[in-house]
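Dear colleague,

Please find below the structure that I am handing over to you. My notes on what was found in it come directly afterwards.

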Amino acid sequence: ARSVSPRVEIVADDGGEVLLDVSGLERLFGSPAGIASALQQRAERVGFPAAVGVADGRTTARIAAGVAARRGETILVAPGGDAAWLAPLPLAVLCRACDPAERKGRQGWDAAVDALARLGVSRCGELAAMSADEVASRLGRVAARMRTIAAGADASELRAAFEPHCYVEGTRLEYGIGSLEALLFLIRG
């Protein structure tokens, strides 16, 4: 992932899921499809099967990658088309896209899906069409977050984990060093 983008977020501790900021990379790879292709090729070259989803929003990209993994294809969501792409998907995809920090309250996500199902809402587009204020006041914070994601308005930022630079200095010798004095003379320079 770091060979494609300098801004990488490792979502799962086991390294199984990573998010990349691909904004501005079109100059290097040509298009979003070129970026996705480069990422997939580089992952496969080191032995990792990769499912790639590219979207405007962080959460929509995670959902697209999950759908891509099940379908065995790369998914490119058109710029500005997060809500339209999410609209036909079932609400359960929103539960699978919750962050590890939110998984502690996963029952809240499943309970919100159940409450919405009782209201006859089963697709992301149906949830996105509902009033944000009414969803928040009647169904709570989790349902309001789900509605924001379904509407393609998720503004959560990528939490990039930068790799610290490790500077190493070394030298190659044409001969071995037989004494500590010779080594200290070399290091002192």
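The paragraphs below go from the overall form of the chain to its salt bridges and then to a few individual residues.

Please bear in mind throughout that this is a predicted model.

Overall form

The protein chain contains 10 helices and 4 strands. Read from the N terminus, these elements follow the order β-β-α-α-β-α-β-α-α-α-α-α-α-α. The chain is more spread out than a compact globule, because its radius of gyration is 23 Å, well over the 16 Å that the globule rule gives for 189 residues. The C-alpha trace spans about 85 × 35 × 25 Å along its principal axes.

Of the 189 residues in the chain, 33% are buried. The exposed surface of the protein chain comes to about 11900 Å², and 54% of that area is supplied by carbon and sulfur atoms. When contacts between residues at least 6 apart in sequence are considered, 50% of them join residues at least 24 apart. The chain carries 22 positive and 23 negative charges, and the mean positions of the two sets are 3 Å apart.

Salt bridges

In general, side chains of opposite charge can pair when their charged atoms come close. How many salt bridges does the structure hold? There are 6 in the model.

One of them brings together the side chains of R62 and E17, at 2.7 Å from N to O. This pair links distant parts of the chain, since R62 belongs to helix α3 (residues 58-71) and E17 to the loop between β1 (8-10) and β2 (18-20), with their positions 45 residues apart in sequence. R62 is buried, at a relative accessible area of 6%, whereas E17 is partly exposed, at 26%.

A salt bridge also joins D154 and R145, whose closest N and O atoms are 2.8 Å apart. D154 counts as buried because its relative accessible area, 13%, is under the 20% cut-off. Its partner R145 is partly exposed, with a relative accessibility of 21%. Elsewhere, E9, R58 and R159 are joined into one network by salt bridges that share partners.

R71 and E73 form a further salt bridge, in which the closest N and O atoms are 3.6 Å apart. Here R71 is exposed, with a relative accessible area of 53%, and E73 is partly exposed, with 37%.

Helix α9 and R147

Helix α9 covers residues 141-150 and is mostly covered, with 7 of its 10 residues buried. The buried positions are V142, A143, A144, M146, R147, I149 and A150. As a general point, an α-helix has 3.6 residues a turn, so residues three or four places apart point the same way. Just after α9, G152 adopts a positive phi of about 70 degrees.

R147, which lies in this helix, deserves a separate note. Which side chain of opposite charge is nearest to R147? That side chain is D133, 8.5 Å away, and R147 has no salt bridge although it is buried. Leaving aside neighbours within four places in sequence, R147 is in contact with L127, A128, M130, S131, A132 and V135.

V18 and A160

V18 is located in strand β2. V18 is partly exposed, with a relative accessible area of 35%. Apart from neighbours within four places in sequence, V18 has contacts with A1, V8, E9, I10 and V11. V18 and D110 are 92 residues apart in sequence, and their C-alpha atoms are 24 Å apart in space.

A160 sits in the loop between α9 and α10 (180-188). A160 is partly exposed as well, at a relative accessible area of 25%. A160 and L20 are 140 residues apart in sequence, yet the distance between their C-alpha atoms is 8.2 Å. Beyond the neighbours within four places in sequence, A160 is in contact with R7, V8 and E9. Two of these residues, V8 and E9, are also among the contacts of V18.

With kind regards

Technical notes. Residues numbered from 1 in each chain as written. Predicted model: local features only at pLDDT ≥ 70, side-chain atom pairs only at ≥ 80, totals over all residues. Heavy atoms only, no water. Salt bridge = Lys/Arg side-chain N within 4 Å of Asp/Glu carboxyl O. Helix = DSSP H or I, 4+ residues; strand = E, 2+ residues; numbered from the N terminus. Buried < 20%, exposed > 50% of the residue type's maximum accessible area, 1.4 Å probe, protein only. Rg over C-alpha atoms; globule rule 2.2 N^0.38 Å. Contact = heavy atoms within 4.5 Å. Areas by Shrake-Rupley, 256 points an atom, 1.4 Å probe, with all protein chains shown as cover. Lys, Arg positive; Asp, Glu negative; His and termini not counted. Charge placed at Lys NZ, Arg CZ, Asp CG, Glu CD.
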